Amino acid sequence: SGIRSFTQSLEQSRVDPLIGLTTFTDRLYKPSQLDICFVLDISSDMQPEVDGLRDGIEIFANELEANGIDLNVGLVTFNNFDETGDAAIQPIKFSGQFLTQKYSDIKARLAKIDAVGGGLDESSFLGLTVATKQTFRPASKKIIILITDEPPLIPDGEVKSTVAMIDTLKSFGASDLFCIVTPTNNP
């Protein structure tokens, strides 16, 4: 049978089959509902990342849905708070809602973004805080993906410290936070 041959191949590789099977079965878990929020730095040097998310969002979302995941996606954009004020941090709404399953709408919105302004210490903490204040489905697994190229501004608006940011994220109850940080070319 397939499981026997799988176990034998694990043993030949000197892997304990019980550990291998546990790992294997854990990988089969799929949440019934998944809400992913992208928190995206739109300062001037981030245009390639904005374009990359725009070009890949539908493929990314459709692949998850093809694997049986009930997916909703949201988007928060941010820049340097000191340079552009409160408007620097925006939860993007789609038909009045933060989360959407119309990935072409997200792609179209990203296509309108011309990354401008910024500098050092963009408002990633304030962007994350705004994300945690949005409406997510109660039963969903919540994932936040932060995409930036700068360290966070501290303090940042209402976020006074890294500890305060961590407390906000814990209270929100996100399942996972992924930080994608592209290094700058600044000396």
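## Strand E4 and its neighbours

Let's start with strand E4, which spans residues 141-148 of this predicted model. It is mostly covered, with 7 of its 8 residues buried.

E4 has pairing partners to meet. Strand E1 (residues 33-41) runs parallel to E4, and 7 bridges join the two. If you would like a landmark for that pairing, look for Phe-38, whose bridge partner in E4 is Ile-145. Strand E5 (residues 176-181) is also parallel to E4, joined to it by 6 bridges. Here Ile-143 has Asp-176 in E5 as its bridge partner. To get from E4 to E5, the chain passes through helix H7 (residues 162-172), making a right-handed β-α-β crossover.

## The whole protein

Stepping back, you will find 7 helices and 5 strands in the protein. Followed from the N terminus, the order is α-α-β-α-β-α-β-α-α-β-α-β.

Of the 187 residues, 40% are buried. Among contacts with a separation of 6 or more, 81% link residues 24 or more positions apart. The exposed surface comes to about 10,300 Å², and 55% of it is supplied by carbon and sulfur atoms.

## Where to trust the model

The mean pLDDT of the protein is 80, with 75% of its residues at 70 or more. Confidence peaks in strand E2 (residues 70-78), at a mean of 94, and is lowest in helix H2 (residues 17-27), at 45. Over residues 15-26 the pLDDT is below 50, and this stretch has 11 contacts in the model beyond near neighbours in sequence. Where pLDDT is low, predicted coordinates should not be read in detail.

Note on methods: Residues are numbered from 1 along each chain as its sequence is written. This is a predicted model: local features need pLDDT of at least 70, side-chain atom pairs count only at pLDDT 80 or more; totals for chains, interfaces and linings use all residues. Side-chain values use heavy atoms; hydrogens and water are left out. pLDDT is the predictor's confidence in each residue, from 0 to 100. Helices (H or I, at least four residues) and strands (E, at least two) are DSSP runs, numbered from the N terminus. Contact means heavy atoms within 4.5 Å. Buried means under 20% relative accessible area, exposed over 50%, partly exposed in between (1.4 Å probe, protein chains only). Two strands pair if DSSP finds at least two bridges between them. A crossover is right-handed if, with the strands pointing away from the viewer, the path from the first strand over the helix to the second runs clockwise. Accessible areas come from the Shrake-Rupley method with a 1.4 Å probe; for residues, only the protein chains shown count as cover.
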